[in-house]
Amino acid sequence: MTDRSRNVAAFAVLGGAQVTLVAAITLLTVPLPAVQREFGLGQGDLALLTSAYGLTFGGLLLLGGRLADRWGAREMFLAGMALLALASAAGGLAPDHVVLLTARFVQGVGAAMAAPAAVSLVTRLRPDARERERALAVWGTLSVTGAVAGSLLSGLVAAVTSWRWSFLLPAAVGVAAVAAGAFLLPPAPRTAARLDVPGALLATAGLVAFAYGLLEGATAVTATGLLLAAGFVVLQARTPHPLLPLRLVAHRRRGAALLVVFVTAAASATTTFLLSLYMQQVRRLSPISTSLAFLPFLLVVVMGPLSGRLLRRFGVRPVLVAGLLLAAVSMLLLGRVASEGSVLAGLLVFPVASGLAFSGATVAALDGVRAEDGGAAGALVNTAMEAGPTVGLAVLVALAAARAGDMPAGGARAMTEGYGFALTAMAPVFLLAAATVAVAFTHTAFRHTAFRHTAAGRTAFAQTKFAQTKER
């Protein structure tokens, strides 16, 4: 096997793992009624079962990123995928609810170990700047691809077989990733710094409490999560070996990129959730028909390579702004949920918009990151990706419920009005994010190839890169 083919195969292993880690979030969503019937679960048990994977996945990402920096990204990726495979097998064979719930929590732990390590390894596989930018542009679309794949497979499983087969994909991919990764993945450098254990505990407790509080509507728990998060920030500013170096977040362009990831992930998850409810509750579509309605979202698969070319030609700022403006348009179209034509147009526009946004934001968020911070930076991007849906669902579902409650007629008309209002509310959020990006990236416009190859362009570009280095 040549070095190039080995490199391509290694990227495929990492990309397949990333798609699976995100798909595992939603693989159990549609078959939940079958789980409820088999184990006699209440609504509270179902809610916890649904969110268990995401709670540990999101809550442990920062710790997983630092462990990848300390103990090696390759080793952490293999260990995380092995744990995911074992937990998935346990979930598929679970004899009762307790074992199933435990398996979902452990799946999330494995995902938190593997995801940031995978991002760090991608940057190692592509040391050339242009190749790395192209790879990260593709990587930025994989999470949306995973979410769509999870929803589609979830509907298929619910329609044709037992819910236990929902655990087959992550188990199989975990085994394959470990077997192939042990041979293909390159070793990564390790840091000698001590692990920030108090920071890890604060970050995990804060993120889990905040996410759980939002999902369950527990204000006190949410407030506790915010207080723990504030304590984490204070600790990171004072400790000599922080879990999350604050310079990664304080960088204005990286901060804007993380905002884009957060907002786009929130819109993606909320759109799928609200439209799924509308199609099944109001339109009375079957689970399989509802899943198939989201097939246009698979357009995001082609957006990775396309976004890479656009980024090389125009730079990050125009691509991000264009993606965010298109996302605002898609939300206005989807907000007209009663119009099949508008919804179809929105379902076609949003994957294009999210592909541009995720690709550009991923490239910007990981640009200029030091080798010793690769795992932490990857964890930061994944944390924004995981936190977005949690916050987005909590806020927009509340908006939908409030709007529906204001409708005197109630019933299907009220639900339609509520869902449409919540989706439309995302449009100004995307416009605000576009304005933020336009301001944050004002001084990074020296990316056009023709200009860079002139004498003035080379000088200006060199001066800009020097200034950026000083900022970091």
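# A walk through an all-helix chain

With 472 residues, a compact globule would have a radius of gyration near 23 Å, and this chain agrees, at 22 Å. That radius is taken over C-alpha atoms, and the globule rule is 2.2 Å times the number of residues to the power 0.38. Before you click on anything, note that this is a predicted model: local features need pLDDT of at least 70, side-chain atom pairs count only at pLDDT 80 or more, and totals for chains, interfaces and linings use all residues. Residues are numbered from 1 along each chain as its sequence is written, and side-chain values use heavy atoms, with hydrogens and water left out.

**Stop 1: the whole chain**

Show the cartoon and you'll find 21 helices and zero strands. Both are DSSP runs numbered from the N terminus: helices are H or I with at least four residues, strands are E with at least two. Switch to the C-alpha trace, and its principal axes span about 65 × 50 × 45 Å.

Now try a surface. The chain exposes about 19,600 Å², with carbon and sulfur atoms supplying 69% of it; this area comes from the Shrake-Rupley method with a 1.4 Å probe, and for residues only the protein chains shown count as cover. Of the 472 residues, 50% are buried. Buried means under 20% relative accessible area, exposed means over 50%, and partly exposed is in between (1.4 Å probe, protein chains only).

Contact here means heavy atoms within 4.5 Å. Among contacts with a separation of 6 or more, 82% join residues 24 or more positions apart.

**Stop 2: two helices side by side**

Select 316–334 (helix H15) and 426–440 (helix H19): their axes come within 8 Å and cross at roughly 170 degrees. The axes are lines fitted to C-alpha atoms, for helices over the stretch in contact, and angles run from 0 to 180 degrees between N-to-C directions. H15 and H19 are therefore roughly antiparallel to each other; that label goes to angles over 145 degrees, while under 35 is roughly parallel, 65 to 115 roughly perpendicular and the rest oblique.

Turn on side chains. On the H15 side, the residues that meet H19 include Arg317, Leu320, Leu324 and Met331, and the H19 residues they face include Phe430, Leu431 and Val437. By class, this contact has 16 nonpolar, no polar and one charged residues. Ala, Val, Leu, Ile, Met, Phe, Trp, Tyr, Cys and Pro count as nonpolar, Asp, Glu, Lys and Arg as charged, and the others, Gly among them, as polar.

**Stop 3: Ala10**

Go to helix H1 (residues 3–26) and pick Ala10. Ala10 is buried, at 0% relative accessible area. Beyond residues up to four places away in sequence, Ala10 touches Leu125, Leu184 and Leu185. Leu125 is 115 residues from Ala10 in sequence, yet their C-alpha atoms are 8.0 Å apart.

**Stop 4: Val122**

Next, select Val122 in helix H6 (residues 97–125). Val122 is buried too, at 1%. Leaving aside neighbours within four places, Val122 is in contact with Phe11, Leu14, Ala135, Leu136 and Trp139.

**Stop 5: Ala137**

Move to Ala137 in helix H7 (residues 129–160). Is Ala137 buried or exposed? It's buried, with a relative accessible area of 0%. Its contacts, neighbours within four places aside, include Gly304, Leu311 and Val363. Show Arg309 as well: 172 residues along the chain from Ala137, with 9.0 Å between the C-alpha atoms.

**Last stop: Arg284**

Finish in the loop between helix H12 (252–282) and helix H13 (287–292), where Arg284 sits. At 67% relative accessibility, Arg284 counts as exposed. Check its phi: near 60 degrees, a positive value in a residue other than glycine.
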